[in-house]
Structures are given as C-alpha cells and as structure tokens.
Amino acid sequence: MAGRKRVCVIGAGSSGIIALQELVDAGLDAVAYESRPHVGGQWHLDGDPGECLVTLDEQGRATLLHPDENGGNAAPSPPTAMYRGLRTNVPTPLFSDSEAVEDYLKVAAKPLLPLSHLNTRVTSVRWTAGWTADSNARKWTVETTSTTTGTTTSEQYDSVVVANGHFSQPLIPDLDVRRYTGTLSHARWYRDVEPYRTQNVLVIGNGSSGYDITREIAMSLYDRLAAKDPTAEGLFIAQSTRSPSPIAFPFTGSELGDYSNLVINKPTVERVESKTVWFSDGTSLENVDTIIFATGYYFSFPFANPSHEPFASNPLTIPVPFARDNGGHRIHHLDERQLFYLPDPTLSFLATQILVVPFPLAQVQAR
C-alpha cells in the first residue's frame with residue numbers, strides 16, 4: 001500500500017509515550033490508545049484502590065478483581081497499582097515520588113496528545129481478513145471501545161506496538177484459601193499502612209512491592225510501639241518468601257534499622273484454615289487478619305483473542321487455569337530480545353522485562 005505506514009501503539013504509559021514519540025520522529029503515521037483518562041500509566045496514583053472482590057474456583061484458588069473489571073469493554077479501567085510510598089531510584093531527581101514522575105511524563109506527552117486517544121480500550125487486534133501485500137487493506141485490524149460513551153471503532157494499521165504494561169492482572173499462587181476467614185488482598189490494592197494499623201498481616205512475596213509493604217508496616221508498628229500506642233500492642237507483621245529478595249537486604253540482616261526485628265520471616269505457605277497459616281517448615285502463625293499477596297502479575301493481552309489469527313496458531317500466553325483474559329506467566333513466540341513477535345515482526349512489545357530500568361530500555365527498543 002502506498003503512503004506513510006500507519007502504526008498503532010497500545011497504551012500511553014511511559015513506554016507508550018516513548019514509542020509514539022519515536023514513531024512520529026521517524027515520519028510514521030502513528031496514534032496511541034489508552035484506556036485511562038490520562039497518560040502516564042501506572043505512575044498515576046489513584047488514592048482509592050476500590051473494592052477487592054474475591055472469587056474462588058472449585059479448588060479454592062482465588063482470583064482478585066476490582067468491580068470495574070466485571071463491567072465489560074466500556075467499563076473504566078481499575079485503579080493503578082501505584083502506592084504512596086513508592087520511590088524511583090533513577091536520576092533527576094533521585095528518589096522521586098510517583099507524582100514527580102507522572103508530571104514528567106505529562107510534559108513529555110503534551111505535544112503528542114492530539115495523537116493519543118484517551119478513555120479508549122483496545123478490544124481486538126488481529127490480522128485483517130483476506131490481507132495480501134498487494135491489497136488496499138492494511139495488515140492489522142484494531143478494534144476499540146470508548147470507556148465513556150461505549151462507541152466502537154475499527155481501524156487498520158501496518159504495525160502494532162504493544163505497551164500496555166504488565167501490572168494489571170494479579171498473580172495469586174495456587175493455594176486453597178476456602179477455609180481462610182481473614183481478608184485476602186493483593187499489592188495492587190495497597191496504598192499505605194492505614195488500613196492495617198490494627199491487624200496482624202502476612203505479606204507473601206518479597207519483590208519490590210512485597211518488600212516495601214512489609215517495610216512500611218513494620219516501621220509504622222515500630223514507631224507506634226515506641227510511642228506506647230496501646231492499639232499496637234500484640235500485633236505482628238510477617239513475610240513469607242521462597243527465595244532471597246532480588247532487590248534489597250533481608251529483614252534478618254543487620255543492614256536495616258531496628259524496625260526490621262519486628263518482621264517474622266517465614267518460608268512458603270502450605271495451607272490456611274480459619275486465621276491460621278501453616279508453612280513449609282512445619283511452623284504456623286495464628287490470628288492472621290490479612291494476607292497480602294505481593295506475588296506479581298500475569299502477562300495479559302485480552303485484545304489478542306486466541307480465536308483470531310495470528311494468535312490462534314501462535315498464542316501470546318499459555319493461559320493459567322484460574323487466570324483471567326488468557327493471563328500467563330510469560331510471553332511466547334518473541335525473539336531473543338523479547339521485542340518482536342516471531343510469526344509476524346510487525347507486532348512488537350516494549351519493556352516486558354523485569355529488574356530493568358524501563359524508561360531508557362523502552363526508548364532504545366522503540367528506536
């Protein structure tokens with residue numbers, strides 16, 4: 001097809017903004033679709049995380065949802081996973097909070113807003129039916145739905161860049177929680193320590209959010225005990241891990257403050273009943289009021305329907321039985337750089353790696 005190549009970017013978070021700018025600079029006809037009413041993606045702090053709905057399958061495995069996630073394609077996106085205490089460790093300025101990073105992204109995105117369709121969810125990406133290199137059609141058909149009006153559209157593009165992030169669909173371990181009588185939550189719903197001031201809390205996981213949540217609750221409890229706050233007496237904070245933290249000192253070490261001595265360190269969870277949790281070393285904890293799963297997220301691409309090509313032949317994920325929207329543990333059929341979709345490199349994915357500095361990585365990938 002003659003004329004400029006058309007490119008669709010899915011997502012207007014940090015990676016989507018970077019991709020859109022690079023595509024425009026390269027002279028391509030590019031647009032971005034973002035389901036939220038703002039750019040910046042997960043760097044936007046939604047103060048109220050909303051209700052955490054818990055559903056169980058026949059084996060007692062939990063799925064955690066925000067009510068809007070049951071609302072269909074036209075429903076608003078659920079609150080982000082951002083919490084108040086999160087700080088970045090990249091320069092200018094060092095240890096910025098989420099508001100500073102979001103402001104930076106808004107400034108970067110301002111000239112791109114005419115090309116950014118906010119409040120617009122991508123609902124389907126597939127090969128255009130009957131497409132050939134000599135046809136007047138473009139290779140990819142992208143369908144969208146407005147989250148404010150419900151209006152649907154269908155457009156064709158030569159290439160698609162996926163930058164929808166991977167902090168949306170909570171990954172909950174394969175654990176039977178039918179007999180647990182306390183509260184189940186996930187790091188996506190965590191904002192600060194206030195809801196847990198009078199609770200015994202078990203955090204499962206020790207990645208970035210698991211470490212921060214445990215630290216914040218322990219520091220709060222330590223300060224309140226030091227101040228002789230009677231509501232803090234007898235409370236505990238525990239953390240269950242399967243391996244050392246990849247990002248920080250262990251709470252068992254001497255590198256941290258005295259507050260770390262309050263953290264009860266436990267191995268993996270074996271079973272739960274009432275408010276008692278048993279662990280793989282044979283020990284248990286009683287009176288656990290809340291379990292916070294800080295166990296990460298599935299990769300999820302609900303617009304890549306496995307009944308449509310090319311995903312019918314080469315799916316992006318292998319669905320986990322109790323995950324939603326074909327969520328899986330990894331993305332399949334990508335090249336060695338985890339960037340291009342091998343069956344058709346006109347589809348690409350940005351910043352899907354973990355333990356990286358995502359902003360410069362996404363920019364290099366987009367170029």
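Which elements do the buried residues of helix 1 pack against? In this predicted model, the partners are strand 1 (6-10), strand 2 (29-33), helix 2 (98-109), strand 5 (116-117), strand 9 and helix 4.

**Helix 1**

Helix 1 is mostly covered, with nine of its 12 residues buried. The buried set is made up of S14, S15, G16, I17, I18, A19, L20, E22 and L23. As a quick check on geometry, 12 residues at 1.5 Å a residue should span 16 Å, and the end C-alpha atoms of helix 1 are 17 Å apart, which agrees. Right behind the helix comes G27, with a positive phi near 85 degrees.

**The second largest pocket**

Helix 1 also turns up in the wall of a pocket. The second largest pocket has a volume of about 380 Å³, and 25 residues line it. V7, D158, S159, V160 and T346 are the ones that lie nearest its centre. Helix 1 (14-25), strand 9 (159-162) and helix 4 (358-366) are the elements giving two or more residues to that lining. Which of the elements provides the largest share of the lining? That is strand 9, with three residues. If you sort the lining by class, you get 15 nonpolar, six polar and four charged residues.

**Helix 3**

Now for helix 3, which covers residues 208-226. Its 19 residues should span 27 Å at 1.5 Å a residue, and its end C-alpha atoms are 27 Å apart, so expectation and model agree. The buried residues here are S209, G210, Y211, D212, I213, T214, E216, I217, A218, S220, L221 and R224. An α-helix has 3.6 residues a turn, so residues three or four places apart point the same way. What do the buried residues of helix 3 pack against? They pack against strand 12, strand 13 (237-240), strand 14 (263-266) and strand 18 (290-293). Just after helix 3, K228 takes a positive phi of about 60 degrees.

**Cavities**

Rolling a probe the size of a water molecule over the atoms shows where empty space is left. For this model, the count comes to three cavities of 30 Å³ or more. Here are two of them side by side:

| Cavity | Volume | Largest share of lining | Lining by class |
|---|---|---|---|
| Largest cavity | about 80 Å³ | helix 3, four residues | seven nonpolar, two polar, two charged |
| Second largest cavity | about 60 Å³ | strand 4, four residues | eight nonpolar, two polar, one charged |

The lining of the largest cavity consists of V193, Y196, R197, Q199, I217, S220, L221, R224, L235, F236 and I237. From helix 3, I217, S220, L221 and R224 are listed among the buried residues, and these names also appear in the cavity lining.

As for the second largest cavity, A62, T63, L64, L65, Q169, P170, I172, Y298, F322, A323 and R324 line it. Strand 4 (62-65) and strand 10 (169-170) each supply at least two of these residues.

**I204 in strand 12**

Strand 12 was among the packing partners of helix 3, and one of its residues deserves a closer look. I204 sits in strand 12, which runs over residues 201-204. Is I204 buried or exposed? Its relative accessible area is 10%, and the cut-off for buried is under 20%, so I204 counts as buried. Setting aside neighbours within four places in sequence, I204 is in contact with S240, V269, I291, I292, F293, A294 and T295. Of these contacts, S240 falls within the range of strand 13 (237-240), while I291, I292 and F293 fall within that of strand 18 (290-293). For a sense of distance, the C-alpha atoms of I204 and T144 are separated by 36 Å, and the two residues are 60 apart along the chain.

**A three-stranded sheet**

One contact of I204, V269, leads on to strand 15 (269-273). Strand 15 belongs to an open sheet of three strands, ordered 15-16-17 with antiparallel pairing. Strand 15 and strand 17 (284-285) stand at the edges with a single partner strand each, so one side of each has no neighbour in the sheet. How many bridges join strand 16 to strand 17? There are two, and strand 16 (residues 276-279) runs antiparallel to strand 17. In that pairing, V277 stands opposite L285 of strand 17.

Note on methods. Residues numbered from 1 in each chain as written. Predicted model: local features only at pLDDT ≥ 70, side-chain atom pairs only at ≥ 80, totals over all residues. Heavy atoms only, no water. Buried < 20%, exposed > 50% of the residue type's maximum accessible area, 1.4 Å probe, protein only. Contact = heavy atoms within 4.5 Å. Pairing = 2+ DSSP bridges. 1 Å grid on protein atoms, 1.4 Å probe; cavity = no way out; pocket = protein on both sides within 12 Å on 5 of 7 lines; lining within 4 Å. Points joined across faces, edges and corners; volume = space filled by probe spheres on them. Nonpolar A, V, L, I, M, F, W, Y, C, P; charged D, E, K, R; others polar. Expected span 1.5 Å × (residues − 1).
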